[in-house]
Amino acid sequence: MFRLYLYTFLIILFIVASLFPNHILFLFIGITANITIFVSLFHARGLYLYSGIIFYIVGVILFFTNDLTLESFFLQFDSMLGMLSLFMVLPFLNSLILVGRYDKHLRSLLEQKVHHLGDLYKRGGIVTHILGLFLNIATIPLLIQSLRHSLKNYSKKFTDKYYTNNLLRAYALCLMWSPMEIMIIKSLEITDSDYIIIVPFLIIFTSFMLYLDTTFGKRKYAHIPIENTDGSLSIHRIIKKIAELFMLLLLLVVAVTILNYIVGQGYLFSLVLLIIPISFIWAMKIRKMKRYIVYVIPNWKRNTMGQANLFFMFLTAGFFVNMVSETKVLAILQHIFTAVSTQTLYLYILIGLYFLITAFIGFHPLVSIVLLAEILQPVLSEISSIPLAFVLIICSLSTVMYSPFNVSLSILSNIIKRNSFQVSFWNLPFSLFLITISIIFAYFMHFIFH
């Protein structure tokens with residue numbers, strides 16, 4: 001329980017310090033963050049543990065080689081707290097989806113008038129796209145369980161590749177326009193862009209790519225028959241539930257936009273403040289308040305207790321990035337990007353390659369984009385912000401499909417008992433195609449906003 005109180009206390013400190021900036025408060029945040037890192041060290045596992053240790057050790061070395069004051073050391077740990085705050089409050093929204101039984105209705109949509117695996121592929125892509133907006137990473141294991149019943153008569157090699165292509169692609173595409181996705185929020189902060197302006201372009205692009213994937217997938221598997229099992233729920237009830245979900249999403253976007261305009265602390269901070277109250281308001285609307293309270297509190301506790309990996313890696317990564325910004329390494333990378341900053345197409349290609357390379361060497365895209373923000377800092381004022389934000393969003397989130405170190409791909413690999421690199425290569429051709437199309441799309445956007 002100590003971790004639960006420690007993580008919660010750190011996030012509350014961050015929120016208070018953001019609303020009422022104070023030097024002493026930020027020092028206290030740094031001290032608490034280091035205690036959190038130490039405690040999380042004994043609970044972190046795998047890549048998160050090794051990455052966090054490397055980030056912290058290298059950060060400490062860079063700190064002492066740059067002749068900085070001891071006080072400044074504790075001011076280097078707050079850059080990732082906004083992201084960690086979002087992870088802390090997301091269970092309130094996820095629990096609402098489960099209590100409202102929205103997930104059950106969407107799963108039933110998978111079984112409505114499906115005649116062959118091509119139909120199932122298209123339906124699976126659409127359901128994953130919708131459900132991923134609200135359940136996030138929980139979407140993958142949930143839908144694998146639903147698909148397994150329909151694919152039980154096929155070989156493991158066939159079904160494993162089917163899951164990988166169908167679920168990861170649709171899941172990545174839904175994240176690319178989700179107002180709650182941290183990579184989008186970070187990209188908007190870097191480029192000082194507005195979600196309302198960029199979201200139409202994101203929806204057009206992701207809808208087009210989802211259409212291509214599901215259409216070709218339907219054709220690819222159309223020759224493989226499947227037992228026709230109509231869902232137990234009527235299509236009318238399913239559509240009604242989906243409409244409710246989008247009403248909830250619209251309410252959240254509008255409320256966050258208004259609050260952000262009032263407090264001026266950024267989209268992420270406003271989202272963190274509003275997810276909990278809006279979730280409770282919606283629970284009242286659907287008359288599930290008692291059930292929601294009974295479910296959400298233990299779910300939130302379990303989720304928070306299980307975040308040692310995230311707190312350990314992201315706190316140390318934020319420290320590492322801040323220290324890199326004080327070294328010549330950053331200057332070298334800045335020189336490379338500055339050299340092509342006037343050649344828009346080459347800059348976008350370089351950004352795509354940057355995320356591709358960092359994804360395969362073990363950098364989480366959140367770490368990559370925070371470091372890239374420092375690299376691009378000298379030229380941000382010279383680059384059209386909306387197309388740049390578009391490239392950052394698509395290229396960073398494409399890693400969801402192919403990065404062997406990404407959480408979603410790792411979860412799927414674990415479920416199907418496959419090496420994560422093998423799963424990664426199954427989606428790499430589509431990922432490269434998506435990145436290429438996004439760069440071309442952004443290049444034409446550049447002429448619109450130039």
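**Exercise 1.** What span should the 20 residues of helix α9 (residues 156-175) have at 1.5 Å a residue, and how far apart are its end C-alpha atoms?

*Solution.* The model is predicted, and every step below is read from its coordinates. Begin with the expectation: the span of a helix is taken as 1.5 Å times one less than its number of residues, so helix α9, with 20 residues, should span 28 Å. Next, compare this with the model, where the end C-alpha atoms of α9 are 28 Å apart, which agrees. Finally, consider the surroundings of α9, which is mostly covered, since 16 of its 20 residues are buried.

**Exercise 2.** Apply the check of length to helix α14 (residues 289-305), and then establish which of its residues are buried and what covers them.

*Solution.* Helix α14 has 17 residues and reaches 24 Å from its first C-alpha to its last, close to the 24 Å expected at 1.5 Å a residue. The buried residues in α14 are Tyr 292, Val 296, Asn 299, Trp 300 and Thr 304. As background, residues three or four places apart in an α-helix point the same way, because there are 3.6 residues a turn. The cover over the buried residues of α14 includes α1 (2-19), α5 (81-99) and α13.

**Exercise 3.** Classify the packing of helix α15 (residues 308-324) against helix α18 (residues 365-376) by its angle, its handedness and the residues that make the contact.

*Solution.* The two axes come within 10 Å and cross at roughly 20 degrees. Angles under 35 degrees count as roughly parallel, and therefore α15 is roughly parallel to α18. The crossing of α15 and α18 is right-handed. On the α15 side the contact is made by Phe 314, Ala 317, Val 321 and Val 324, while α18 contributes Leu 366, Val 367, Val 370, Leu 371 and Glu 374. Sorted by type, the residues of this contact comprise eight nonpolar, no polar and one charged.

**Exercise 4.** Determine whether Tyr 267 and Thr 214 are buried or exposed, and list the residues that each touches, leaving out those up to four places away in sequence.

*Solution.* Tyr 267 is found in helix α13 (residues 267-285), and because buried means under 20% relative accessible area, its value of 10% places Tyr 267 among the buried residues. Tyr 267 touches Pro 179, Ile 185, Tyr 195, Val 253, Val 256, Thr 257 and Asn 260. The C-alpha atoms of Tyr 267 and Met 180 are separated by 9.4 Å, although these residues are 87 residues apart along the chain. Thr 214, which is found in helix α11 (residues 195-221), also counts as buried, at 4% relative accessibility. Thr 214 touches Tyr 121, Lys 122 and Gly 125.

Notes
Residues are numbered from 1 along each chain as its sequence is written. This is a predicted model: local features need pLDDT of at least 70, side-chain atom pairs count only at pLDDT 80 or more; totals for chains, interfaces and linings use all residues. Side-chain values use heavy atoms; hydrogens and water are left out. Axes are lines fitted to C-alpha atoms, for helices over the stretch in contact, and angles run from 0 to 180 degrees between N-to-C directions. Helices (H or I, at least four residues) and strands (E, at least two) are DSSP runs, numbered from the N terminus. Angles under 35 degrees count as roughly parallel, over 145 as roughly antiparallel, 65 to 115 as roughly perpendicular and the rest as oblique. A crossing is left-handed if the near helix is turned anticlockwise from the far one by less than a right angle, and right-handed if clockwise. Contact means heavy atoms within 4.5 Å. Ala, Val, Leu, Ile, Met, Phe, Trp, Tyr, Cys and Pro count as nonpolar, Asp, Glu, Lys and Arg as charged, and the others, Gly among them, as polar. Buried means under 20% relative accessible area, exposed over 50%, partly exposed in between (1.4 Å probe, protein chains only).
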